[in-house]
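Please look over the model shown here before reading on. The briefing that follows goes from the whole chain to strand pairing, aromatic rings and a single valine.

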Amino acid sequence: MNLFYKQLNADAQENVAASEEAVTVPTATTNAPEVETAHDDFDWSIDKRNVSHYAESERVKYDKVYDNTFIQIEDGEIINGSVVALTKTDVVVNIGFKSDGLVSLNEFRDLPGLAVGDEVEVMVVEKEDRSGNLHLSRKSARIYRAWERIVEVHKTGEVVTGTVTSKTKGGLIVDVFGMETFLPGSQIDVKPVTDYDQFVGKTMEFKVVKINETIKNAVVSHKALIESDIEAQRAEIMSKLEKGQVLEGIVKNITDFGAFMDLGGLDGLLYITDISWGRISHPSEVVKMDQKLQVVVLDFDDDKKRISLGLKQLTPHPWDVLPEGLAEGSVVKGKVVNIEDYGAFLEIQPGVEGLVHVSEITWANTPINAKEFFKLGDEHEAKVVTLDKDARKMSLSIKQMTQDPWNTIENKFPENSKHKGLVKNITPYGVFVELEPGIGGMIHISDLSWLKRFNHPTDYTKVADQIDIIILSIDKENRKLQLGHKQLEEDPWNSLEETFAIGSIHEGTVTRKDDKGALVQLQYGLEGFAPNRHLNKEDGTQVKADETAQFVVIEFDRNEKRIVLSHARIWEQHIAEEKEAAKKEAKAESDNTKKAVKNIQAKVEKATLGDLGALAEIKAKLQEGEGDTK
């Protein structure tokens, strides 16, 4: 047993010697004599775990020595480490800390030849995670370094290279320095891009145009590089531009007002009026997208970088190369290219137009609406009336293609002859009727009906209606026909004067009312007018529209074709008659009373003059007696 304790004591001695300095624990001394026991050789300073106890000062000293053998790191710190081992899923990295860290093998996909001993840069995510392990990340380190680089190139404007990894809403995702950045669809190219998929997987050059420090987000642009190159080309082209210079360009965009052309880094506008000598409604009638064209520089502005181009100017003006046979009196054929109120323009050949004035459409001296007569694109033959090559003007006539029918008008359309015509136009004062091409006249609104008054001729007829007429008069010099319609029948007013005599009462229906009065429909299709105050009823109300009532004629004017009516006069006259009857009755009664009194007075005997004298004497005596008494 003593041998066991001696051996145990020897092992403890070796462990203490292995330390830099052994610690001796003093033992208490007594005056008692030492007695040898079986345990005297055992070192009781060693515990059951074979660990020596140190003083606190010694412990601090040795902890400091131990800690100085490792590097000091902080969370979020980026540090270089060495690959010490590779597994199927992880990479073991030694960064000189107390323990090695594990990094997922997926974070080294860009390093297919990774081997033990390679140096890698990692970020300390946590010095000690929940499991007590050192947590490292190469991906976080790469993103941090990438963001530093992106911020730097954003300040310097340096061009970077990135790979388009995927498509997202509104644009593309680009890997720049290992960090995802956003490429908006509007920043891919100077031309509009609709198919984003074609760029996925491509490596392209970009400029960092915007960064967000808060969320660590960056926006890149490929268009900015193209524009900078275009700007350089534009400056070079502008420095060499001259008016009249002929350039080759490609049609890049077509609008309603013209076409934009790419002149090799510089855009120019080919305005619609400079595309063709002839009239065109849209540039696409002549030019097409991506078409190569030779154009001439008409004007340019260095400051605004604007260039005006011309295409038609490369060919001679059509007026300068007119056919020799084109002269006054010749017949031409043209297409209607423009219609105005005063006439229409016929295009004889591209760039050469003539005007057909409304007065040269027909021989009839009636208003012609050019927009109703002509249609765009229609073709007409016309005679050249005037031709001015210097002013580039031409007047044409359609009516002169036929003989003037007014020369023999009285033979075919004599006065009082009856015909049927076509209503061509209607105005507030009359109806224009065409009897045959070139011959027509007007029916005045007052000559439409004997009985009715129309506010507008459209109340009686419409354009394109057939109407019977009679020729009232011919003005050959002014090319006018006065037509009538009501004259086809006898004037009924000659026989109406007796029927609608003043004071006669008729039944009528109010057809229309206004502030002045009402129109009343009478028998035989006749209309009368009742002033507003003559519409009053006996109960204080008025006759309303569409109401039928009795009316008395208070005025009949045959010449003016006018009848004035009154409803109020009927009951007012009745009341007046009743009053007059009562008055006559009262007067008769008064006369009878007076007559009766007169008869009575005649029967009473009258006093004589003598009697009157005696009475006077008696009166005098009585008066004297009264005086004596007093």
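**Overview of the chain**

Of the 630 residues in the protein chain, 32% count as buried. The model is a predicted one, and side-chain atom pairs are considered only where pLDDT is 80 or more. The chain contains 9 helices and 30 strands.

- The accessible surface of the protein chain amounts to about 40,100 Å², and 50% of that surface belongs to carbon and sulfur atoms.
- When contacts between residues at least 6 apart in sequence are considered, 59% of them join residues that are at least 24 apart.

**The barrel**

- A barrel is closed by 5 strands, which follow one another in the order β21-β22-β23-β25-β24 with mixed pairing. From one strand to the next, the twist averages 50°.
- Within this barrel order, strand β21 (residues 418-427) pairs with strand β24 (residues 466-475) over 5 bridges, and the sense of the pairing is antiparallel. On these two strands, H419 stands opposite I469, the latter being in β24.
- As background, the strands of a sheet pair through backbone hydrogen bonds, in either a parallel or an antiparallel arrangement.

**Strand β13 and its two partners**

- Strand β13 (residues 267-271) has side chains that alternate between two faces: G268 and L270 point to one face and are buried, whereas D267, L269 and Y271 point to the other face and are not buried.
- Strand β12 (residues 258-262) pairs with β13 in the antiparallel sense over 5 bridges, and the bridge partner of F260 in β13 is L269.
- Strand β15 (residues 306-310) runs parallel to β13 and is joined to β13 by 2 bridges; the bridge partner of L270 in β15 is L309.
- Taken together, the residue L269 that is bridged to F260 points to the face of β13 whose side chains are not buried, while the residue L270 that is bridged to L309 points to the face whose side chains are buried.

**Aromatic pairs and a charge over a ring**

- The count of aromatic pairs in the model comes to 5. One of them joins Y342 and F345, whose rings lie 6.4 Å apart centre to centre with 90° between the planes, an edge-to-face arrangement.
- Y342 has a relative accessibility of 41% and therefore counts as partly exposed, whereas F345, at 18%, counts as buried.
- Y429 and F432 also form a pair, with ring centres 6.4 Å apart and planes at 80°, so this pair is edge-to-face.
- In that second pair, Y429 counts as partly exposed because its relative accessibility is 42%, and F432 is buried, with a relative accessible area of 8%.
- R279 lies over the face of F345, at 5.6 Å from the ring centre; F345 is also the residue that forms the edge-to-face pair with Y342.

**The surroundings of V219**

- V219 has its place in strand β10 (residues 217-221), and V219 counts as buried because its relative accessible area is 17%, which is under the 20% cut-off.
- Leaving aside residues up to four places away in sequence, V219 touches F182, P184, K207, V208, V209 and K210.
- For one of these residues, V208, the C-alpha atom is separated from that of V219 by 6.0 Å, and the two residues are 11 apart along the chain.

How values were computed. Residues are numbered from 1 along each chain as its sequence is written. This is a predicted model: local features need pLDDT of at least 70, side-chain atom pairs count only at pLDDT 80 or more; totals for chains, interfaces and linings use all residues. Side-chain values use heavy atoms; hydrogens and water are left out. Helices (H or I, at least four residues) and strands (E, at least two) are DSSP runs, numbered from the N terminus. Buried means under 20% relative accessible area, exposed over 50%, partly exposed in between (1.4 Å probe, protein chains only). Contact means heavy atoms within 4.5 Å. Accessible areas come from the Shrake-Rupley method with a 1.4 Å probe; for residues, only the protein chains shown count as cover. Two strands pair if DSSP finds at least two bridges between them. Axes are lines fitted to C-alpha atoms, for helices over the stretch in contact, and angles run from 0 to 180 degrees between N-to-C directions. Rings of Phe, Tyr and Trp (its six-membered ring) pair if their centres lie within 6.5 Å; planes under 30 degrees apart count as stacked, over 60 as edge-to-face and the rest as tilted. A charge sits over a ring if NZ of Lys or CZ of Arg is within 6 Å of the ring centre and within 35 degrees of the ring normal.
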